[in-house]
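Please look at the structure shown here and work through the reasons behind the terms used for it. Each term is to be set against its cut-off before a conclusion is drawn.

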Amino acid sequence: MVKEALGWGNHINFSAENAESGIRKLLEQQQGMTIKMKSDEAYGWKSSSHSDRSFRSDTDIAEKAPEFFSILDSVPHAVICVHSRLIIFANREVPAIFGWMSEDLIGSDVGVLYQGNMNLFDPYEGDPSAVHRQEPVTAEIVCNHKNGHEILCEVSIASAQDSVLEGMVIVSHKDISKLKQLQEDFRLTEEKYRKHIDAVSDVICSLDEDLRIISISSSVERIIGYSPEELIGKRYHETGILCEDHLEKGFANVSRVFSGESTNASLYELVAKDSTRRFAEISSSPIIRNGMVIQALCVARDVTERIIAQEALQESEKKYREFFENVSDFLYVHDLEGNFIETNIASKIVTGYSEEDLSATNIMDFVPPKYKPFFPDYLQRVRKNGKDEGFVRLIANDGSEHIIEYRNSLIHDGNGNPVAVRGSARDITEYMQDKKALKESEEKYRTILENLEDGYYEVDLKGNFTFFNDSMCAILGYSPDELMGVNNREFMDRNNAKKVFETFSQVYRSGQSTKAFDWEVIRKDGAVQILETSVTLIRDSAGNSTGFRGIARDLTELRQAERQRSSLEKRLHQAQKMEVIGTLAGGVAHDLNNILSALVSYPELILMDLDQDNPMRKPIITIKQSGEKAAAIVQDLLTLARRGVSTTKVISINSVILDYLKSPEYEKLILKQENIEINIDCDDDLLCVVGSPFHLSKVIMNLVINAAEAMPEGGSILISARNTCLNEPIKGYDQVKPGKYVVLKVSDTGAGISADNRDKIFEPFYTRKIMGRSGTGLGMTVVWGTVQDHNGYIDVCSEQGKGTTFSIYLPATSSRVADGPSPSIYDYMGNGEKIIIVDDAEIQRDIASRILNRLGYKVIAFSSGEDVVEYMKSNSADLIILDMIMDPGMDGLDTYRRILVDHPGQKAIIASGYSETERVKEVQKLGAGTYIKKPYLLETIAQAVKEELSKLQ
């Protein structure tokens, strides 16, 4: 066939054998000619030699094959025939492409059309050209138009030898300039909107009818840990991503999409790759082509943080695009009734039917019903005009409808009577769809950006806004006119602008996108907003950087909630550690108090019997002081257990400070570090607080020692106390509630505390000192525990190189410190009252018995609760001193309950080497009096016994 001889199609090469057969058949049928051509050793189509390009007879070649040129004249593409570089034929389509009339070109050198491509017609030895090949050649070359401009054509070239058409080269052209331009426009548009979607952080996924994942955006890996490659090709319900409880809802929504509906955002629980739970809002919509749903487009937004912190987080959509298939052309012949007589193989591309199938069908079989009434008009036009061209819609074998561009002409028999119609057609369905899709694509992604709740922006390389959506205007509080062209530095302070500039610069230098960084902006109304922002480099078609684009999401409330949550978590963590350490410390304190009793109490008893000039007094006093120091450490442990403050009274912070300045610890500090200056600055009318002088003195001592050690080269320390009234909470290391406070401050001019260490200074056993030489690591923990026990708050302000200030807020009281002289030991002497001591430790019973006997009381001691209960069934006592913890057997609470059965209202004192517990408070509710801590001290036990005995029944 001529189609095959010309080699038209998508670079499809047709053999010389087929070309020879088709042309010979047409000429023999129409002219009754018998043509002999060489094949192998015989005649056939092949390229002429370099030296022989002339005809073998003087007869004009056009006269030898008029029907052949009639066929070429009906082809809907520009066709020329060349012999010896001269154009000997040009069909009627040549003027439409090249601008020359056919008669103007005939006889011209072929260079007028192919200047610069003459190697196609002028081969030389050693480099055979396309003309010498056995098969026709198809190529894309630049041709010359009559007015001088260039035309990009798809050209098919074939040659003949030793035949009626000997030595002639046939060249067919198709102008593809517009097609190439459309393809380039489509590529640029596709690239533009793909980059828009690349800036969106939502997950975009498409599913086919089998629910297989066709495509999914790379943001899925950030959300659930799976890469797109791990998911594409799998059915979404088999990936394990969707929680089983949500599968049924997922199936229902996908079914609605494939029935043509869109679904609003629904909440789904997802299972990430690391088995953690995530939450996403997923909306779906159908992708429809030719009235059919071919895919489901799903957009998933990660809302995990919103579910946890009740904040709305949103993700954006990422696009995907489809590419159009190549256009296909075909040739055909049908009779005057529309029955196909002959078609080429290209027809199958459009109709889906083979050549054999089409040979028994009518054009009407493929025309949609509403267009069938117009078919007779078409046949009439062809008969009348001898030709017809236009567009028609055909239904393919698979039911799809195609738009066909055709050009037809009448075929006449030897008598000039019309017998059939010859034509060529080109399927332009995808071309038309391409234009429509291009328009829809622009509308689609413009709609996406306009409806995106997150802010979308584009800036040039200087940071000036060049494009943005309405959400970006709403975030910044400006109208579009106010925002256009403004530099993004206008919305930031200097420090934040520097950080943002460095981020944009990094994206520019590396070409790598930044998915999310916090960007603090200042709105038009002055409010500061925290935006999570992505930044992607914008490039033009040449790959040059032209600006930046990104998505901005307002996370102000979320970030504030995160900071507050972090602070609460730190405080909870600190409290949990203190609880654990405190439990341990309390148990250790109980055992140590029993041991220390001998070191503290026996020396007191011995000193009562020694004269003032006795040489043994000094070593015994030393033993007593060592025991008291050990007892002070035990007090630190009890403070650590948060149960150390039991003795509270109205005190003045001024008095506590003055007492510390008179203490041996202060004198030792001054002697050790002479280059430190300590100043005191307190209000004269300082309010009182309720607390333990001993523990608050320890707080001052620890803070001053730490301040001194922070200034090894010397410096100054300021101890101050001020009355403060807070009308609203203030934020420090603790959240200080409104109220009246006495604020105790210890400030130094030392090295300061680094940010990394600031959060650790109150942790047990955390210290930067040399253990065993300058501290135990419990000093600041004791400070923290004491402040908590006094219902107070602590704040730390420190800057490296500029010193540190600790501020302690203690609730103030309107009560005043009681006046009067301190009582002496003789005020606590007894009058023979009967006192029972119950303690499971023998040494504790002995010490308490000796002290009370010296004070003039009659004492009976028991080692268990069971023994004293049995004794009290038939006896009585003025007072019972009960050890709270006795093992094995009954503890103090159970013992007291049993005693009250026989002796309602029995007076009692509770003692323990551990700490005050809920069971101690329960005993006191039953009627017991004072709670005293071990080791037993003469003054402490004497005062407690005297006060309890003096109470009325």
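Q: Where in this predicted model does Asp 470 lie?
A: Asp 470 is found in helix α17, which spans residues 470-476.

Q: Why is Asp 470 called exposed?
A: The relative accessible area of Asp 470 is 54%, and the term exposed applies over 50%, so Asp 470 is exposed.

Q: What distance separates the C-alpha atoms of Asp 470 and Glu 453?
A: These two C-alpha atoms are separated by 8.6 Å, although Asp 470 and Glu 453 are 17 residues apart along the chain.

Q: What makes the contact of Arg 407 and Glu 93 a salt bridge?
A: The side chains meet with an N to O distance of 2.8 Å, and the rule asks for a side-chain nitrogen of Lys or Arg within 4 Å of a carboxyl oxygen of Asp or Glu, so the pair qualifies as a salt bridge. Because Arg 407 belongs to strand β14 (residues 401-412) and Glu 93 to the loop between β2 (86-90) and α5 (94-98), the pair ties together parts that are 314 residues apart in sequence.

Q: Why is Glu 93 called buried, and why is Arg 407 called partly exposed?
A: Glu 93 has 14% relative accessibility and buried means under 20%, so Glu 93 counts as buried. Arg 407, with a relative accessible area of 30%, falls in between the limits of 20% and 50%, and is therefore partly exposed.

Q: How do you know that Arg 278 forms a salt bridge with Asp 302?
A: The closest N and O atoms of Arg 278 and Asp 302 are 2.7 Å apart, and the cut-off is within 4 Å, so the pair meets the rule. This pair links distant parts of the chain, with Arg 278 in strand β9 and Asp 302 in strand β10, 24 residues apart. Asp 302 counts as buried at 8% relative accessibility, whereas Arg 278 counts as partly exposed at 21%.

Q: What makes Glu 482 and Lys 524 a salt bridge?
A: Their closest N and O atoms are 2.8 Å apart, and the limit is 4 Å, so the pair is counted as a salt bridge. Glu 482 lies in helix α18 (residues 480-483) and Lys 524 in the loop between β18 (514-522) and β19 (528-539), so the pair ties together parts that are 42 residues apart in sequence. Glu 482 is partly exposed at 37% relative accessibility, and Lys 524 is partly exposed with a relative accessible area of 44%.

Q: How many salt bridges does this rule give, and which residues are linked in a network?
A: The count comes to 25 salt bridges, and a network of salt bridges links Asp 891, Asp 894, Arg 897 and Arg 919.

Q: What makes Tyr 431 suitable for a nonpolar patch on the surface?
A: Tyr 431, placed in helix α16 (residues 429-451), has a relative accessible area of 32%, and patch residues need over 30%, so Tyr 431 passes that cut-off. Leu 179, Tyr 431 and Met 432 form the patch, with about 240 Å² of accessible area together.

Q: How many cavities of 30 Å³ or more are found, and which residues are closest to the centre of the largest cavity?
A: The search of the whole structure finds 3 such cavities, and about 420 Å³ of space lies in the largest cavity. Of the 26 residues that line the largest cavity, Tyr 236, Leu 270, Ile 282, Cys 298 and Ala 300 are the closest to its centre. By class, the lining has 19 nonpolar, 5 polar and 2 charged residues, and its largest share, 4 residues, comes from β10.

Technical notes:
Residues numbered from 1 in each chain as written. Predicted model: local features only at pLDDT ≥ 70, side-chain atom pairs only at ≥ 80, totals over all residues. Heavy atoms only, no water. 1 Å grid on protein atoms, 1.4 Å probe; cavity = no way out; pocket = protein on both sides within 12 Å on 5 of 7 lines; lining within 4 Å. Points joined across faces, edges and corners; volume = space filled by probe spheres on them. Helix = DSSP H or I, 4+ residues; strand = E, 2+ residues; numbered from the N terminus. Nonpolar A, V, L, I, M, F, W, Y, C, P; charged D, E, K, R; others polar. Patch = residues over 30% accessible without salt bridge, like charges linked within 9 Å, V, L, I, M, F, W, Y side chains within 5 Å. Areas by Shrake-Rupley, 256 points an atom, 1.4 Å probe, with all protein chains shown as cover. Buried < 20%, exposed > 50% of the residue type's maximum accessible area, 1.4 Å probe, protein only.
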